[in-house]
Amino acid sequence: MAYAFRLYVDSARCYVARMWYIRKSLRNKNIDYRKGRYFVTIQVARNKYLLGAIVGTQCVLNELGKCVEAELVNLPLKYPELRLGPYVIMPNHVHMILDISPRDTNKENHLSFLVGRFKGVTTFIYGKLKSEGKVPDIG
């Protein structure tokens, strides 16, 4: 772990004005994330079973899980460079294969951009359902 901070000197006093954590990137610098096929896993915060439950040998999705699935299926409609491969939604995580076609408009870290958009919209849906009392608080 690394921390960065800004040190200010004022007359005879020194103080730290800002301190933030510097996280090492997990991205491989040799991979072009603007195109390619990627296996992505996204886990629910604190490993909570928010998307459904296991009944026998089946995962039965609840309302939030069905909304997550709908957003996942609609993601290629919003971003035509994306093709969604096989996916599995479990009570506390989602597995998916994303196939990104090369386009001039793709960002340098396009995979992160697309996953971030998916996580953002599903987090918004979670917040809406939580305020309606339909899903528990992650805590």
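Is Arg34 buried, exposed or partly exposed, and what is its relative accessible area? Arg34 has a relative accessible area of 37%, so it counts as partly exposed. The model is predicted, and every value below is computed from it.

**Salt bridges**

Side chains of opposite charge can pair when their charged atoms come close. In this model the count comes to nine salt bridges. Three of them, including the one made by Arg34, are listed here with the N to O distance and the relative accessible area of each partner.

| Basic residue | Acidic residue | N to O distance |
|---|---|---|
| Arg34, 37% | Asp32, 27% | 2.9 Å |
| Arg37, 60% | Asp99, 12% | 3.4 Å |
| Lys134, 49% | Glu63, 42% | 3.8 Å |

In the pair of Arg34 and Asp32, the closest N and O atoms are 2.9 Å apart. Asp32, at 27%, is partly exposed, and Arg34 is partly exposed at 37%.

The side chains of Arg37 and Asp99 form a salt bridge with an N to O distance of 3.4 Å. This pair links distant parts of the chain, with Arg37 in strand β3 (residues 36-43) and Asp99 in strand β7, 62 residues apart. The partners fall on opposite sides of the accessibility classes: Arg37 counts as exposed because its relative accessibility is 60%, over the 50% cut-off, whereas Asp99 is buried because its 12% is under 20%.

Glu63 and Lys134 meet through their side chains at 3.8 Å, N to O. Here too the pair links distant parts of the chain: Glu63 belongs to helix α1 (residues 63-78), Lys134 to the segment after α2 (110-131), and they are 71 residues apart. Glu63 is partly exposed at 42%, and Lys134 is partly exposed at 49%. Elsewhere, salt bridges that share partners join Asp32, Arg34 and Lys35 into one network.

**Asn92**

Where does Asn92 lie? Asn92 is in the loop between β6 (82-89) and β7 (93-100). Its relative accessibility is 9%, so Asn92 counts as buried.

Two polar contacts involve the Asn92 side chain. One, of 2.5 Å, joins it to the side chain of Asn47. The other, of 2.7 Å, is made with the side chain of His93. With its neighbours within four places in sequence left aside, Asn92 is in contact with Ile42, Gln43, Val44, Asn47, Lys48 and Tyr49. Asn47 is thus both a polar partner of Asn92 and one of the residues in this contact list.

Notes
Residues numbered from 1 in each chain as written. Predicted model: local features only at pLDDT ≥ 70, side-chain atom pairs only at ≥ 80, totals over all residues. Heavy atoms only, no water. Helix = DSSP H or I, 4+ residues; strand = E, 2+ residues; numbered from the N terminus. Buried < 20%, exposed > 50% of the residue type's maximum accessible area, 1.4 Å probe, protein only. Polar contact = N/O pair within 3.5 Å; in protein donor to acceptor, adjacent residues only side chain to side chain. Contact = heavy atoms within 4.5 Å. Salt bridge = Lys/Arg side-chain N within 4 Å of Asp/Glu carboxyl O.
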